[in-house]
Amino acid sequence: MLDISHISKTFNPGMITEKVALIDVSLHLAPGEFVTVIGGNGAGKSTLMNSIAGTFPVDKGTISIDDEDITDWPEHRRAKYIGRVFQDPMMGTAANMMIEENLEIASRRNRRPNLSWSSKKEDKEKFQSMLASLHLGLEDRLESKVGLLSGGQRQALTLLMATLADPKLLLLDEHTAALDPKTAAQVLKITTSIVAERHLTTLMITHNMRDALACGNRLIMMYGGKILIDVKDREKKKLTVKDLLLMFEKAAGSELGDDSLLLS
Amino acid sequence: MLELAIPTLSQGLLWSILAIGVYITFRVLDIADLTVEGSFPLGAATAAKLLTEGYDPITSVFVACLAGMAAGIVTGILTTKLKIPALLAGILTMIALYSVNLRIMGKANLSLLRMDTIFTLAGFISDDPQNVALFVGIVSTAVLALLCYWFFGTEIGSAIRATGANPRMIRANGINTDNTIILGLLISNGLVSISGALIGQANGFADVGMGVGTIVIGLASVIIGEVLFGTRTFWRCLLSVVLGSIVYRVVIAIVLALGMPPNDLKLFTAILVALALSMPLIQAKFKAMRKAGE
Ligand SMILES: Nc1ncnc2c1ncn2[C@@H]1O[C@H](COP(=O)(O)OP(=O)(O)O)[C@@H](O)[C@H]1O
Ligand SMILES: [Mg+2]
């Protein structure tokens, strides 16, 4: 499904601000796999995700989706296959446009826009029932501007938008991190139910180890621009936070020759 | 005073087409586009040149619109493909257009005296040229505003609006923002050129210097309209901009009647816009002060 092969990324090469963010990373995702990604600040998690989404080109390596090489595709072209939710709730929606307008835009992500009227009668009911399934009281607010919604409501809406046009791959970058704990739990629950229902191949970054263990069928941990730990299925199921910390210390220790590292 | 009502109204309408153009870049795309100062005289120059060459007024305005669109594309390519900041890209096109406009006209000023213009064409409406001008103003503004309303309600138009609101979001939804930005600048400058073509014909001449300050006039109209008439829906925004342009002309007519020298007009408009643009900050400061006082 997703094939990342030996990608590297250095920001500002040759300058004092040079920052090596990814070092020879390879990752293969099978269809329907739900992978949680953890790792401390600056580990390269977002860079990995942005490389897949095409926010910037990678220095080395290739990325393909369903055997189609997308390494040189611009961001908007990859969006045909990829749905995304960002950490910042402001990022995924257009605040001064109505809920319905945002959903309409998302519903045609995998085709070119044309000169037909954007707001379509036949979509309204569909949107309403989708919004109702969020249980956030948004179903009667199709004509509200998105800017009036709370952060949690906006993230849930972004999630709906990201999955509306049947993406091959769903990328979630700490999409609950900016929310209060209760709302975060709510949005996470919506996330897991959408992913399960639609069998979406998903990559979810989280800073919460418990969430990382509870969600998905595979877990990877990044450190210093590399994937240090990769566990799945049965092995992942019996993993605890304590196991994870131990594994991390061992892996990072052998990587760097010291064990003074902590997860943030 | 009252005898000025109709001319003021028709001036406001003809200028409102420019204001809609400025609204599209400034509010919809969130770009301050200075191309306007070149594409406005470009429209006037193109139309005037074609009229003196014997072309009919409708064709002249149409070609003027195309010329303005081309200017918009140039700014669009400079800012998207060549990554020049939008403000600077607009300035570059504006400066380049100064030479282009001189070339089109062959001189700095082209008179349309005793020539058939769009206003002679509409002469069947009334024997009073004031009424004819008002008619042309109403029809052209109505047609273009409706066209804008339709276009920005389509899938492509909605992608342009989202580009200004949140470029990352719209890219994540499969839209090439380079294209939407170029398209928005094209539409905006096409409208500005039409406005220039019509106002040139209304005034009876095209002048290479007639673009100076047009961006500020456009901004004044947009802001006055928004403050007085609201922005709830896109349709309401368009209407507000048109009404804002008319109110701006009324204000100008009043201050002139009160004895302000016409040479101070641009200074007056600039101060008006500076005040209006700083309003949010002033309001916030004022609120904070009142809170501190309590
Ligand atoms: N656009 C950028 N420009 C320069 N450096 C960056 C950029 N994005 C990320 N980095 C750097 O790359 C490293 C990895 O960052 P990131 O992938 O955002 O980490 P995280 O795992 O916290 O998401 C960090 O050191 C960060 O400072
Ligand atoms: Mg990150």
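Helices of at least four residues (H or I) and strands of at least two (E) are DSSP runs, numbered from the N terminus. The model used here is predicted.

**Exercise 1. The shell around ligand 1**

Task: Find which element supplies the largest share of the shell around ligand 1.

Solution.
1. List the shell. Its residues are F11(A), N12(A), K19(A), A21(A), G39(A), N41(A), G42(A), A43(A), G44(A), K45(A), S46(A) and T47(A).
2. Look for elements that supply at least two residues. These are β2 (19-29) and α1 (45-53) of chain A.
3. Pick the largest share. α1(A) gives 3 residues.
4. Sort the shell by class. It has 3 nonpolar, 7 polar and 2 charged residues.

**Exercise 2. The open sheet**

Task: Give the strand order of the open sheet in chain A, and name its edge strands.

Solution.
1. Write the order. The 6 strands run β6-β7-β8-β3-β9-β10, with mixed pairing.
2. Find the edges. β6 (82-85) and β10 (226-232) of chain A each pair on one side only.
3. Add the twist. Neighbouring strands are turned by 15° against each other on average, ignoring direction.
4. Check one pair. β9 (218-223) and β10 of chain A are antiparallel over 6 bridges. Here L219(A) stands opposite V231(A).

**Exercise 3. Helices on the sheet**

Task: State which strands α1(A) and α5(A) touch.

Solution.
1. Take α1(A). It touches β3 (34-38), β6, β7 (169-173), β8 (201-205) and β9 of chain A. Its direction makes about 145° with that of β7(A).
2. Take α5(A), residues 151-164. This helix touches β6 and β7 of chain A. Its direction makes about 175° with that of β6(A).

Note on methods
Residues are numbered from 1 along each chain as its sequence is written. Chains are lettered from A and ligands numbered from 1 in the order in which they are written. This is a predicted model: local features need pLDDT of at least 70, side-chain atom pairs count only at pLDDT 80 or more; totals for chains, interfaces and linings use all residues. A residue is near a molecule or strand if its C-beta atom, placed from the backbone, lies within 6 Å of it. Ala, Val, Leu, Ile, Met, Phe, Trp, Tyr, Cys and Pro count as nonpolar, Asp, Glu, Lys and Arg as charged, and the others, Gly among them, as polar. Two strands pair if DSSP finds at least two bridges between them. Axes are lines fitted to C-alpha atoms, for helices over the stretch in contact, and angles run from 0 to 180 degrees between N-to-C directions. Two residues are in contact if their C-beta atoms, placed from the backbone, lie within 7 Å.
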